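Reader: I should like to understand how the terms used for a structure are justified. May we go through them one by one?

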Amino acid sequence: MTSIVVSSGGAGYGFLVDDQGRLRQAGFGPDIDTHMQHLAAGIPNGLYPLAYPAYDEESTHAPALRVTHSDGTTTTRLKVEDVRAVGPQTDILLVDPDCLLEVSLCFHAEDHGVLRQWVSVTNRQPGAVTLHEIAAASPLLATASPHLTHFGGGDWAAEWTTTTEMLTPGTKVVDSRGGVQPHLRSCPFFLLAPDGLPEESSGVALAGALAWGGNTRFAFERTTAPTVRVWCGHNPAAAEYVLDPGTTFVTPEQIWIWSTEGVGPLSRRLHRWVRQHAVRDGDALRPIVVNNWEATSFSFDTDRLLGLIDHTADLGAELFLLDDGWFGDAHPRDDDTAGLGDWQVDEGKLPGGLGPLIARADERGIRFGLWVEPEMVNPDSTLYTEHPDWVVGQPKRRPRRWRDQFVLDVLQADVADFVCGVVDRILAENPGISYLKWDANRPLTDPGSPTLGADRQANYWIDHARATWRLMETVADRHPDQTLMLCASGGGRVDLGSLRWFHEVWLSDNTDPVDRLRMQWAASHFLPANVVAAHVTRECDRPIAFGCAVAMSARFGFDLDLANLTDDEQTVCRRAVQLYRDIRPLVQQGDLWRLVPPGERAALAYVAPDGQRAVVFAFQLTTRSDDPGPLRVGGLHPDRTYEVASFDFAAGTQPHRTDAGRRSGKALMEDGLEWPLRDACTARIWVLQSDS
Ligand code: DGJ
C-alpha cells in the first residue's frame, strides 16, 4: 500500500492507495505525519473510506463526483494512475479506465498552514459527458462531537448571521444560490470543531472556505459513526455541466486551515495568508472613506457634493466616494428604476460632469472614488432600448425584473467588451478617479444565453460566474492603480477568490453598529480588518462615538451627512479620524485577538506583529450596572512595560485621551484592564505602547 501525505504546517490529508489501486483517506487533521506513522500497518484496506467517492462506489453515501458518461453510463470507478509531487503541489491522478475520465485531485501547500485544494476533470471520451456533481473537496472528518459554525442563512441586511450547532445524524446543507450575489444569503466559509463547541484559544478547529463568486454548497453528512463527510464545492443545483471531449473542468478552490489551539490562532494565520496571497495589495494601508449614499441616496447636485467633499477634507478623511445616481443622461438615475447601463453623467444633476467634483477633491488633497454597477441594466435606459438581447434570459420567457433591473449576459462577447469598456472610458475621461465601488444589486434569474447550445443551458451558472471573474480580472489588470471595493447589495460577494482583484468588501447594507459589530466579528474569523469596509451612519441613531469605535475596528469610513453634524458630533468624528490615522497600521496589519464575543459586551484587540504596540476596543452593547470583571488582553510581551492611553471621544468628554499609567504585558494579560463601560452603545479604546 502506498501512502501519500499532503499537508501544510503539519495539517492535511493522509491517503493510502489500496491493492486495487483505489485512493483511500487514512487521515484528515492536524499533525498528519504522526497520525500516518501510528497507523497500524496491518489494518485492512476496507477500514479506510474512499478519498473521493464517485457515484456508486460507496453506494450508501452521497458521492463527491457524479457523471453521466458519453455512452450513458451513470457510474464511475476511479483508480490511481499517477501521483505527482512538485514543490508545494501534489496532484493525484485518478482515472476511470472503462469510461476514459481523468480526475485530478490537486493540493497546494501554502504558507501559514493553509492548504488549497481543487479537482480537475478531463473528458477523454468520444462524446460529451455531463457533470452532475463535482466536489472541490470531500474529506471525511473523524469527530466525536462535531460542531459546525456557518454564516448567513438570512438575507439582505442579515449577512454574516452566525449559527453554531452540533451536527446530528443526517445531512446538513449550507448552500447559496442566486449566482450574482449568492453570499447575501450564505457566506462561503465555515468552522468545524470536532470535539465540541469551538473555543477561541484551545481545542482543535478547522476552517473551510470556498473561493468562488458563484453559488456554493457545503454539506456535512453525519452517521452514527464518529465521522462527518464534508462536501465542498460550487452548488450543483440546476447546474449540470456538459463537458466536451478533450476539455477539462476545474472546480473552484477550497481553502483549509487547522488549529490545535483554538480559533484565534487559526484566524491570525489565515489573516496573514489572505493579506499576502488572497487580496489585492493586501499589505497596503486603506484610506479613510466618506461615502454619500446614506446621506443623499439619489438626491444630490454639484453644490451638495462639493459641500460633502469639503467636509470630508475638513474631517481629515482621505477619499470621497460618489455612490449611485450620478449617471443616466437620457434616462436620469433619480431612483433605482432608470438609467442603469447609461454610463454618461447626468448633466441635469451635475452640470460640467464629474470634473468639478474631482477638481475640488484634488484641491482639498483627498482622493475621489466612484460607484459603478456595470453588469446590469434598467429597462428604462438607452442601453436596453438599443440592446434588448443583451440581457440574461431564456427565449420563451420574459426576463424577470428585480430592483427594476436585468443582468447583462456577460457570456456574449459584445456585452463583455461593453462592461470593460464602460470602466475604461469612465477612468480615461476622469483621470482623477482612483477608487471604484463595484456593486451588483440583483440575483440571476432566467439563466440562459444564446452563446450556449440548447443542450447546455445549465452550464450557465458556472459559465456566468467565470465570465464575471474574467471581467473583474480585466478591469483590475487594466487599472492597476485603482482601489477596488466589491459590493453586491451589501455583502453579496465576499469570497476568497474574487478578492484577488479587490481591496475590500462591503459586508452589509445593515449599518446599525450593534448589528455591524456582530457581522464584523463573524467575518473576522476569515477576513483581516483591512478588507472589511465599515462606515459610520445614522442607522438606528446610535451615538456617533459608538458608531465610530465600531467602524474604527475595521477599514474606517463614514456614510452620513457630514454637513448636518452637530458641533459635538463633529468633534467626535474629528477625534476618531485622528486616532484612526495613528492606529491604522495596527488595525489593518496587526494580529487580531478576539477577547469578548458580542453579547452584552464585546472586546477585541489588534497587536503589532512585533508586540510593541496594540489597540484594544471595548464595546458595551446593553446597559448593565454589574462589573463584568477585567478585560484581559492577548498577544503582548509579558516582560515589556506598556504605556496605556485611554480614549473616550464621546461628545462632551474632555480630554478624550487620558494616560492610564504603565503596566507590564503580563499584568495586562493576566489582571487585565478594568471594564469602564456601563451604558448601552458606549465604547472605549486603549492604545498600548511598549518602550522597548
Ligand atoms: C447597494 C449598496 O450596498 C449600497 O451601499 C449602495 O451602493 C446602493 N446599492 C446603491 O444603489
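**The sheet and the ligand site**

Author: Three strands form an open sheet in the order β1-β2-β3, and their pairing is antiparallel. The model is predicted: local features need pLDDT of at least 70, side-chain atom pairs count only at pLDDT 80 or more, and totals for chains, interfaces and linings use all residues. Residues are numbered from 1 along each chain as its sequence is written, and side-chain values use heavy atoms, without hydrogens and water.

Reader: Why do β1 and β3 stand at the edges?

Author: β1 (2-8) and β3 (23-29) each have a single partner strand, so one side of each lacks a neighbour in the sheet. Strands here are DSSP runs (E, at least two residues), numbered from the N terminus.

Reader: How do you know that β2 and β3 pair?

Author: Two strands pair if DSSP finds at least two bridges between them. Strand β2 (residues 11-17) and β3 have six bridges, in the antiparallel sense, so the definition is met. Tyr-13 stands opposite Phe-28 in β3.

Reader: What makes the approach of Asp-324 to the ligand a polar contact?

Author: A polar contact is a pair of N or O atoms within 3.5 Å; within protein, one must be able to donate a hydrogen and the other to accept it, and residues adjacent in sequence count only if both atoms are side-chain atoms. A polar side-chain atom of Asp-324 lies 2.6 Å from an oxygen atom of the ligand, so this pair qualifies. For Arg-403, the distance from a polar side-chain atom to a ligand oxygen atom is 3.0 Å.

Technical notes: Helices (H or I, at least four residues) and strands (E, at least two) are DSSP runs, numbered from the N terminus.
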